[in-house]
Amino acid sequence: MNTKISTISNLIYLNECESTNTFLYQKLNEDKELQEFITIITDRQNLGRGQKNNKWESKPFKNITFSMLLKPYFIEPKFAFYLNMIISNIIYDCLSKYLIPLNLKIKWPNDIYYNDKKMGGILIENIISDNKIKYSIIGIGINVNQIKFLNKKATSIAIELMEEINLQNIRTELINLLILDFENLKRNFDDNIIKGKYLNNLYRKSENHYFIEKDIKFEGKILGINEYGKLVILNSNGITKTYFSKEIQFI
Ligand code: BTN
């Protein structure tokens with residue numbers, strides 16, 4: 001059941017919910033005039049959703065799980081990947097105050113990695129109308145104080161720092177940074193800066209690694225991303241190809 005226990009300006013705290021993204025989507029359907037930056041926060045998400053229809057598991061009261069409504073009317077739908085880069089960059093900035101920035105990476109398209117393990121993920125759901133991104137629901141999950149994971153490739157801030165941190169503080173910092181940076185971007189949108197920053201922190205960029213495409217393993221090097229956010233890989237035969245996220249797997 002969704003129990004609303006507090007509503008402070010544009011923050012809505014739910015005691016529990018299935019998914020903050022789903023809740024915000026339903027709320028938007030009921031009220032198209034919802035304010036930008038309205039944020040749905042919970043400490044107990046029972047049916048969290050990830051990218052590619054995956055589940056997002058998060059131990060109650062241990063991690064960041066929230067969704068924020070943005071109105072990115074200034075980004076054309078064909079360049080929607082800029083939004084992925086913007087949000088990844090903001091999370092990077094927030095987490096790098098707690099962790100060693102060199103070990104923190106953004107794994108294409110928008111996972112947050114630390115020391116080769118996944119620390120967080122972003123689920124962006126855009127609502128497009130009149131060739132504009134009218135609304136965007138930004139769902140963010142960051143592993144903060146959870147110590148045990150079923151997935152061996154997952155980590156948290158507490159595992160990496162070997163101590164618990166204050167969950168409310170980091171969640172508030174991240175929400176404030178998202179609002180502040182996004183407001184600034186409306187006045188000062190520089191695609192080169194956004195892309196440059198994203199590429200600077202991109203996981204496995206310019207390194208030789210193995211990937212899987214259609215069940216076939218190959219060696220290649222990430223060169224970057226193209227203007228639509230497809231991953232550009234140079235393979236060991238000297239051929240450069242671009243990929244959508246469903247088309248390639250990292251190993
Ligand atoms: C991924 O890496 O696959 C994306 C994970 C996104 C999880 C967050 S938690 C808050 C919000 N609500 C959801 O159901 N999903 C996102």
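Which polar backbone atom lies 2.7 Å from a nitrogen atom of the ligand? The partner belongs to R49: a polar atom of its backbone is placed 2.7 Å from that ligand nitrogen. The legends below describe close-up views of a predicted model.

**View 1. Surroundings of the ligand.** The ligand is surrounded by 20 residues, of which S19, Q45, R49, Q51 and K118 are the closest. A nitrogen atom of the ligand and a polar backbone atom of R49 are 2.7 Å apart. The side chain of K118 places an N or O atom 2.6 Å from an oxygen atom of the ligand. T20 also takes part, with a polar side-chain atom 3.1 Å from a ligand nitrogen atom. Taken alone, the ligand exposes 420 Å², and the protein buries 98% of that area.

**View 2. Y135 in strand β8.** Y135 belongs to strand β8, which covers residues 132-142. Its relative accessible area is 5%, under the 20% limit, and Y135 is therefore classed as buried. A polar atom of the Y135 side chain lies 2.8 Å from the backbone oxygen of K32. Leaving aside residues up to four places away in sequence, Y135 touches L28, K32, L69, L70, K71, P72, E125, N126 and I127. I91 is 44 residues from Y135 along the chain, and the C-alpha atoms of these two residues are separated by 20 Å.

**View 3. S136 in strand β8.** S136 is likewise located in strand β8. The relative accessibility of S136 is 0%, so this residue counts as buried. The side chains of S136 and N126 are joined by a polar contact of 2.7 Å. With residues up to four places away in sequence excluded, the contacts of S136 are M68, L69, L70, P72, L83, I124, E125 and N126.

**View 4. Q146 and its polar partner.** Q146 is found in the loop that connects β8 with α3 (157-161). Although it is a loop residue, Q146 counts as buried, at 8% relative accessibility. A polar contact of 2.7 Å links its side chain to that of N63. Apart from residues up to four places away in sequence, Q146 touches S58, K59, K62, N63, S156 and I159.

**View 5. Helix α2.** Helix α2 is formed by residues 81-95. At 1.5 Å a residue, its 15 residues should span 21 Å, and the end C-alpha atoms are indeed 21 Å apart, so the two values agree. Of the 15 residues of α2, 14 are buried; the helix is therefore largely enclosed by the rest of the structure.

**View 6. The open sheet of five strands.** An open sheet is built from 5 strands in the order β12-β11-β10-β9-β13, with antiparallel pairing. Its edge strands, each pairing on one side only, are β12 (240-243) and β13 (249-250). In β11, 4 of the 5 residues are buried, so this strand is largely enclosed by the rest of the structure.

**View 7. Hairpins on either side of β11.** Strands β10 (residues 216-225) and β11 (residues 231-235) run antiparallel and are joined by 5 bridges. Among the pairs, G224 has V232 of β11 as its bridge partner, and I225 stands opposite L231. The β10-β11 hairpin has 5 residues between its strands, and G229 in the turn shows a positive phi of about 90 degrees. On the other side, β11 pairs with β12 in the antiparallel sense over 4 bridges; one of the pairs places I233 opposite K241 of β12. The β11-β12 hairpin has 4 residues between its strands, and its turn contains G238, with a positive phi of about 85 degrees.

**View 8. Backbone geometry in three loops.** W108 and P109 are joined by a cis peptide bond, with omega of about 0 degrees. P109 occupies the loop between β5 (104-107) and β6 (111-114). F61, which is not a glycine, has a positive phi of about 65 degrees. This residue sits in the loop between β3 (39-42) and β4 (64-70), and F61 is partly exposed, with a relative accessible area of 49%. D116, also not a glycine, has a positive phi of about 75 degrees. The loop that holds D116 runs between β6 and β7 (117-129), and at 40% relative accessibility D116 counts as partly exposed.

Note on methods. Residues numbered from 1 in each chain as written. Predicted model: local features only at pLDDT ≥ 70, side-chain atom pairs only at ≥ 80, totals over all residues. Heavy atoms only, no water. Helix = DSSP H or I, 4+ residues; strand = E, 2+ residues; numbered from the N terminus. Expected span 1.5 Å × (residues − 1). Buried < 20%, exposed > 50% of the residue type's maximum accessible area, 1.4 Å probe, protein only. Pairing = 2+ DSSP bridges. Contact = heavy atoms within 4.5 Å. Polar contact = N/O pair within 3.5 Å; in protein donor to acceptor, adjacent residues only side chain to side chain. Near = heavy atom within 4 Å. Areas by Shrake-Rupley, 256 points an atom, 1.4 Å probe, with all protein chains shown as cover.
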